[in-house]
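Walk me through this structure, starting from a single residue and working outward to the whole chain. Keep the sentences short.

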Amino acid sequence: MKRVILVIEDNEQNLYLVRFLLEKAGYEVIAARDGRSGIETAAAVKPDLILLDIQLPVMDGYAVASEIRRNPDLAATPLVAVTSYAMSGDREKTIAAGCDGYLEKPIDPDSFINDIRRFLTDDHSREKNP
Ligand code: MN
């Protein structure tokens, strides 16, 4: 069965690139354009991994991450922040909000899939060793 990745991203160009790379690598991609619908879609679909843009309208990615982590069904779902913020401290903020990791924009098409696989592999080992 294809692994499902939920991409919460408001920028169409970033979404297009990420979707292209993930689908080419064999993943099923579900997109949400804002934080609120991202949270609702995550709860409904229970994806294998969530890619979360931090710069979202109305509700930023930190708030989205915190709310996703409050859902017991999603407590162990790999949650990877994607942000173009270059300020130091962002990584710590994303981890504090419940993210497992952090990717920087612009997305590097050559390393992106390997970066994603790291988080999926971790998820597998957690399932085997509860
Ligand atoms: Mn954005």
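E9 counts as buried in this predicted model, because its relative accessibility is 5% and the cut-off for buried is under 20%. The residue sits in the loop between β1 and α1. Its side chain reaches back to the main chain: one of its polar atoms lies 2.9 Å from the backbone nitrogen of N11. Beyond its neighbours within four places in sequence, E9 is in contact with N14, L15, A32, R33, D53, L56 and K105. Two of these names return below. D53 belongs to the metal site, and K105 precedes a cis peptide bond.

Take the metal site next. Which residues coordinate the manganese ion? They are D10 and D53, each through OD, and Q55 through O. The distances run from 2.0 to 2.2 Å. Along the sequence the donor residues follow the spacing D-x42-D-x1-Q. The pair D10 and D53 links distant parts of the chain, 43 residues apart. D10 is in the loop between β1 (4-8) and α1 (12-24), while D53 is in strand β3 (residues 49-53). E9 shares that loop between β1 and α1.

Are the two aspartates buried or exposed? D10 is partly exposed, with a relative accessible area of 33%. D53 is buried, at 2%. That label follows because buried means under 20% relative accessible area.

Now the cavity. A search of the whole structure finds 1 cavity of 30 Å³ or more. The largest cavity holds about 60 Å³ of space. Its lining consists of V7, I8, E9, N14, L15, V18, L51, D53, V82, K105 and I107. So E9 appears here again, and with it come N14, L15, D53 and K105, which are among the residues that E9 contacts. The metal donor D53 is part of the lining too. β1, α1 and β3 each supply at least two lining residues. The largest share, 3 residues, comes from α1.

Three places in the backbone deserve a look. One is the peptide bond from K105 to P106: it is cis, with omega near 0°. P106 lies in the loop between β5 (101-104) and α5 (112-128). The other two concern phi. K46 has a phi near 50°, a positive value in a residue other than glycine. K46 is found in the loop between α2 (35-45) and β3. K46 counts as partly exposed, at 44% relative accessibility. V58 is not a glycine either, yet its phi is positive, about 70°. V58 lies in the loop between β3 and α3 (61-69). V58 is exposed, with a relative accessible area of 91%.

Finally, step back to the whole chain. How many helices and strands does the chain have? There are 5 helices and 5 strands. Read along the sequence, they follow the pattern β-α-β-α-β-α-β-α-β-α. Of the 130 residues, 45% count as buried. E9 and D53 are among the buried ones. Among contacts with a separation of 6 or more, residues 24 or more positions apart account for 63%. The accessible surface of the chain comes to about 7000 Å². Carbon and sulfur atoms contribute 52% of that surface.

Methods
Residues are numbered from 1 along each chain as its sequence is written. This is a predicted model: local features need pLDDT of at least 70, side-chain atom pairs count only at pLDDT 80 or more; totals for chains, interfaces and linings use all residues. Side-chain values use heavy atoms; hydrogens and water are left out. Donors are N, O and S atoms within 2.8 Å of the metal (3.2 Å for Na, K and Ca); water is not among the atoms, so sites may look incomplete. Helices (H or I, at least four residues) and strands (E, at least two) are DSSP runs, numbered from the N terminus. Buried means under 20% relative accessible area, exposed over 50%, partly exposed in between (1.4 Å probe, protein chains only). A polar contact is a pair of N or O atoms within 3.5 Å; within protein, one must be able to donate a hydrogen and the other to accept it, and residues adjacent in sequence count only if both atoms are side-chain atoms. Contact means heavy atoms within 4.5 Å. Accessible areas come from the Shrake-Rupley method with a 1.4 Å probe; for residues, only the protein chains shown count as cover. On a 1 Å grid over the protein atoms alone, a cavity is a set of points where a 1.4 Å probe fits but cannot get out, and a pocket is an open set with protein on both sides within 12 Å along at least five of seven lines; lining residues have an atom within 4 Å of a point. Grid points are joined across faces, edges and corners, and a volume is the space filled by probe spheres set on the points.
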